[in-house]
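Here's a quick tour of some backbone oddities and some helix packing. Have the structure open as you read.

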Amino acid sequence: MTRALLRTYIDGEQALTETRVDRETDHEVWLRGDIPVENPVVNYRWLLDGVPGGYQWLNGEGAHPHDVTDAADFRITTHPAPPSWAAEAVLYQIFPDRFAKSVERPAPDWAIPQAWDDPVVGTGPETPLQYFGGDLDGITAHLDHIASTGANTVYLTPIFPGRSNHRYDATTFDHVDPLLGGDEALARLSDAVHARGMRLMGDLTTNHCGAAHEWFQRAFADASCPEAAYFTFTRHPDEYVCWFGHPSLPKFDHRNAGLRRALYEGPDSTVAKWLGAHGLDGWRIDVANMTGRLGTVDLNHLVATTLRATMAQANPESLLLAEHSHDASHDLLGDGWHGVMNYAGFARPLWQWLKRPEPVTFDPGPFTPWARFPATSMVAAMRAFTAAQPWRATAHALNLVGSHDVPRIATFLGDDGLVTVAFGLLASMPGIPMLWAGDEIGQQGVNGEDGRRPFPWHDPGQWDTRRLATNRALFAARAESPALRHGGLRWLAVGDDAVTFLREAPEERVLVHAARAEHVPVRLASALLGSELIGLGATADIRADTDGTVTLPADGPAFSMWRC
């Protein structure tokens with residue numbers, strides 16, 4: 001390569017400007033160019049020579065010897081950045097009914113009471129009605145364990161009253177469910193979390209509420225009341241728009257200013273009320289991708305930006321994350337959600353690389369089937385989703401290998417070595433890692449509901465202590481590594497069964513190697529990596545060969561990382 005131009009797109013027109021060499025080694029040339037940031041979000045990509053014909057574009061997906069669209073351009077966003085603590089965050093997701101119980105409470109009228117050791121019903125009408133009685137003081141009692149996993153942010157699925165164990169069918173947003181200990185228990189948990197220097201996040205559904213919610217009950221009873229306009233009735237009172245056709249979950253109509261003020265706009269809203277020193281440090285928004293969208297109406301951006309403005313006013317250090325299970329790039333330009341649950345750009349590609357071979361079923365519905373892919377396809381998918389959004393959104397994406405909505409990773413993969421690879425990549429890839437409570441001890445579950453089994457505090461015999469030790473080592477390494485927490489990402493080698501990449505920050509570089517099976521050894525130049533690599537997270541040190549190359553382990557499943 002001898003020349004390069006920097007192509008920007010500002011005010012609807014492109015410009016190509018000169019670049020200069022910033023630094024150069026035997027193996028690398030680093031270029032520098034100046035970008036006038038005159039729009040809130042500015043796209044750019046590089047035009048390089050150095051190939052036959054002397055013409056290739058470099059964008060977020062890689063190098064292309066032909067013209068490309070702007071879709072995968074690099075992006076600079078000038079919108080206010082997320083809170084600084086988010087770059088250090090590791091979330092620990094808790095389903096409150098199943099984590100820990102501090103006292104016995106009578107079961108509510110909707111519930112089927114259960115003993116802590118009773119089996120979970122994973123499918124059927126009883127699934128949302130099983131009541132095990134976990135509460136917020138139970139969580140407070142186990143913060144030592146949570147911190148020991150490497151997590152520093154507790155994320156609670158809904159805590160408002162509902163008529164189910166999942167509480168996504170809220171009956172009010174005005175107080176914490178008494179079954180969880182009420183407002184006072186939330187304050188105690190918040191104070192205990194903050195005393196440790198940790199953070200606390202809540203879960204709010206802005207797409208719908210429960211049919212027993214006080215707003216919907218008033219709307220159902222009186223078509224002329226203000227709350228009736230919070231919802232979309234097609235024939236009052238019996239026909240109304242609801243989430244996926246479930247009458248128990250009526251959908252909000254965000255065209256109504258009264259709803260917006262009550263739920264998320266301004267200091268008197270639900271969103272603002274629960275933020276603060278004795279409350280929450282942020283929100284994860286449930287069903288964020290569907291919120292404010294119905295037919296010809298699309299107010300999703302209005303919801304996200306208004307919600308963000310309210311949070312910034314109530315607590316400038318609050319974090320806003322959103323549930324999204326597919327391409328969220330159009331919602332991630334920087335003025336709304338800080339990041340989304342990274343099913344599409346991390347979890348699904350990872351699962352599809354590590355899953356067992358089996359026939360792919362093509363069933364209609366909202367979910368794409370899971371095929372088994374080589375690592376080349378996994379990396380291509382990851383790069384495609386990353387390229388479609390600003391790096392800031394990638395750095396604040398909520399990465400996960402499991403959650404309360406999907407099978408337990410130990411059950412899904414069925415191989416301890418592959419599970420280690422999954423958690424290794426969770427600890428080493430860009431983004432905010434999320435640990436689903438119980439995964440660290442190898443809990444099982446064939447689907448999301450079955451995976452919501454009570455945490456067996458009283459029976460350590462059910463704990464996979466090797467899994468716990470491995471995960472602790474991986475996330476301890478992340479906590480000590482600026483490159484793993486903040487660094488850029490450079491793919492070095494990608495085959496069918498193994499991937500190798502660098503995480504690079506000014507302070508250090510970390511080499512990561514993950515394999516799902518035994519593979520041809522990967523050999524890299526020691527001039528790029530150094531002659532001695534120091535193992536992290538229980539990985540053994542390695543040294544360069546006499547021929548000036550570093551040969552990485554070829555066994556698998558295996559996960560390794562080294563400080564260069």
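Ala 538 sits in the loop between strand 27 (532–535) and strand 28 (542–543). In this predicted model, the phi of Ala 538 is near 80°, a positive value in a residue other than glycine. Is Ala 538 buried or exposed? Ala 538 is exposed, with a relative accessible area of 79%.

Arg 167 does something along those lines in another loop, the one between strand 12 (153–156) and helix 4 (182–195). Arg 167 isn't a glycine either, yet its phi is positive, about 65°. Here the surroundings are another story: Arg 167 has a relative accessible area of 3%, which means it counts as buried, the cut-off being under 20%.

While we're on loops, have a look at the cis peptide bonds in the table.

| Cis peptide bond | Omega | Loop holding the proline |
|---|---|---|
| His 236 to Pro 237 | about 0° | between strand 14 (233–235) and strand 15 (239–240) |
| Gly 556 to Pro 557 | about 5° | between strand 29 (549–551) and strand 30 |

Strand 30 (558–563) turns up again with helix 14, as one of the elements that the buried residues of this helix pack against. The others are helix 3 (143–148), helix 13 (416–428), strand 22 (432–436) and helix 15 (482–486). Which residues of helix 14 are buried? They are Arg 467, Leu 468, Asn 471, Leu 474, Phe 475, Ala 477 and Arg 478, so two arginines and an asparagine are on the list along with the likes of Leu 468 and Phe 475. As a reminder, an α-helix has 3.6 residues a turn, so residues three or four places apart point the same way.

Helix 14 itself covers residues 465–479, 15 residues in total. From first C-alpha to last it reaches 21 Å, close to the 21 Å expected at 1.5 Å a residue. At its N-terminal end, Asp 464 acts as a cap, with a side-chain oxygen 3.2 Å from the backbone nitrogen of Arg 466.

Helix 13 has another partner too: helix 9 (residues 343–354), and the two axes come within 11 Å and cross at roughly 155°. Angles over 145 degrees count as roughly antiparallel, and helix 9 and helix 13 are therefore roughly antiparallel to each other. What makes the contact? Helix 9 brings Phe 346, Leu 350, Trp 353 and Leu 354, while helix 13 supplies Leu 418, Val 421, Ala 422, Leu 425 and Leu 426. As for handedness, helix 9 passes helix 13 in a right-handed crossing.

Terms used:
Residues are numbered from 1 along each chain as its sequence is written. This is a predicted model: local features need pLDDT of at least 70, side-chain atom pairs count only at pLDDT 80 or more; totals for chains, interfaces and linings use all residues. Side-chain values use heavy atoms; hydrogens and water are left out. Helices (H or I, at least four residues) and strands (E, at least two) are DSSP runs, numbered from the N terminus. The expected span of a helix is 1.5 Å times one less than its number of residues. Buried means under 20% relative accessible area, exposed over 50%, partly exposed in between (1.4 Å probe, protein chains only). Contact means heavy atoms within 4.5 Å. A polar contact is a pair of N or O atoms within 3.5 Å; within protein, one must be able to donate a hydrogen and the other to accept it, and residues adjacent in sequence count only if both atoms are side-chain atoms. Axes are lines fitted to C-alpha atoms, for helices over the stretch in contact, and angles run from 0 to 180 degrees between N-to-C directions. Angles under 35 degrees count as roughly parallel, over 145 as roughly antiparallel, 65 to 115 as roughly perpendicular and the rest as oblique. A crossing is left-handed if the near helix is turned anticlockwise from the far one by less than a right angle, and right-handed if clockwise.
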